[in-house]
Amino acid sequence: MSLVRLWQLAARRLTQDITLEELEEYEQLLKQYPGVVSQLDLHNSFFMNRPEDGKDAVTMEAWQKQF
């Protein structure tokens, strides 16, 4: 198991495309890499609070750079 796999599973969790087995694997990886939890929290917060188009040009530009 690796840190890359943790991020892959985190992405699947965000898109709600994660299986129960993957969710269990994700939770185990979080225990292995506790230092990543704060980064994942920040990423999740950013993902869940996507700005509306035209609301804030600087925020929209930063959001688009993620993709």
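**Exercise 1. State whether Gln16 is buried or exposed, and describe its backbone.**

Solution. Gln16 has a relative accessible area of 71%. Exposed means over 50%, so Gln16 is exposed. This is a predicted model, and the values below are computed from it. Next, place the residue: Gln16 sits in the loop between H1 and H2. Then take the backbone torsion: phi of Gln16 is positive, about 60°, although the residue is not a glycine. For comparison, most residues other than glycine have a negative phi.

**Exercise 2. Give the order of elements in the protein chain and the share of buried residues.**

Solution. The protein chain has four helices and zero strands. Read from the N terminus, its elements run α-α-α-α. Of the 67 residues in the protein chain, 19% are buried. For contacts with a separation of 6 or more, 44% are between residues 24 or more positions apart.

**Exercise 3. Classify the packing of H1 against H2 and list the residues that meet.**

Solution. Two packed helices are described by the angle between their axes and the distance between the axes. For H1 and H2 the angle is about 130° and the axes are 9 Å apart. An angle over 145 degrees would count as roughly antiparallel, and 65 to 115 as roughly perpendicular; H1 is therefore oblique to H2. The crossing of these two helices is left-handed. On the H1 side, the residues that take part are Arg5, Leu6, Leu9, Ala10, Arg12 and Arg13. They meet Glu22, Leu23, Glu25, Tyr26, Leu29 and Leu30 in H2. Sorted by class, the contact of H1 with H2 has seven nonpolar, no polar and five charged residues.

**Exercise 4. Assign Glu22 to an element and to a burial class, then list its contacts.**

Solution. Glu22 lies in helix H2. Its relative accessibility is 14%. The cut-off for buried is under 20%, so Glu22 counts as buried. Not counting residues up to four places away in sequence, Glu22 touches Arg5, Leu9, Arg12 and Asp17.

**Exercise 5. Repeat the packing analysis for H1 and H3.**

Solution. H3 covers residues 37-48, and H1 packs with it at an angle of about 30°, with the axes 11 Å apart. Angles under 35 degrees count as roughly parallel, so H1 is roughly parallel to H3. The crossing of H1 and H3 is right-handed. From H1, the contact involves Leu6, Trp7, Ala10, Arg13 and Leu14. Their partners in H3 are Gln39, Leu40, His43, Asn44, Phe47 and Met48. By class, the contact of H1 with H3 has seven nonpolar, three polar and one charged residues.

**Exercise 6. List the residues of the largest nonpolar core and the contacts of Leu40.**

Solution. The largest nonpolar core has seven residues: Leu6, Leu9, Ala10, Tyr26, Leu29, Val36 and Leu40. Two or more of them come from each of H1 and helix H2 (20-32). H1 gives the largest share, three residues. For Leu40, leave aside neighbours within four places in sequence; the contacts are then Leu6, Trp7, Ala10, Tyr26 and Leu30.

**Exercise 7. Find the burial class of Ala11 and its C-alpha separation from Leu40.**

Solution. Ala11 is in helix H1, residues 3-14. Its relative accessible area is 40%, so Ala11 is partly exposed. Ala11 and Leu40 are 29 residues apart along the chain, and their C-alpha atoms are separated by 9.7 Å.

Note on methods
Residues are numbered from 1 along each chain as its sequence is written. This is a predicted model: local features need pLDDT of at least 70, side-chain atom pairs count only at pLDDT 80 or more; totals for chains, interfaces and linings use all residues. Side-chain values use heavy atoms; hydrogens and water are left out. Buried means under 20% relative accessible area, exposed over 50%, partly exposed in between (1.4 Å probe, protein chains only). A nonpolar core is a set of buried Ala, Val, Leu, Ile, Met, Phe, Trp, Tyr and Cys residues joined through side-chain atoms within 4.5 Å. Contact means heavy atoms within 4.5 Å. Axes are lines fitted to C-alpha atoms, for helices over the stretch in contact, and angles run from 0 to 180 degrees between N-to-C directions. A crossing is left-handed if the near helix is turned anticlockwise from the far one by less than a right angle, and right-handed if clockwise. Ala, Val, Leu, Ile, Met, Phe, Trp, Tyr, Cys and Pro count as nonpolar, Asp, Glu, Lys and Arg as charged, and the others, Gly among them, as polar.
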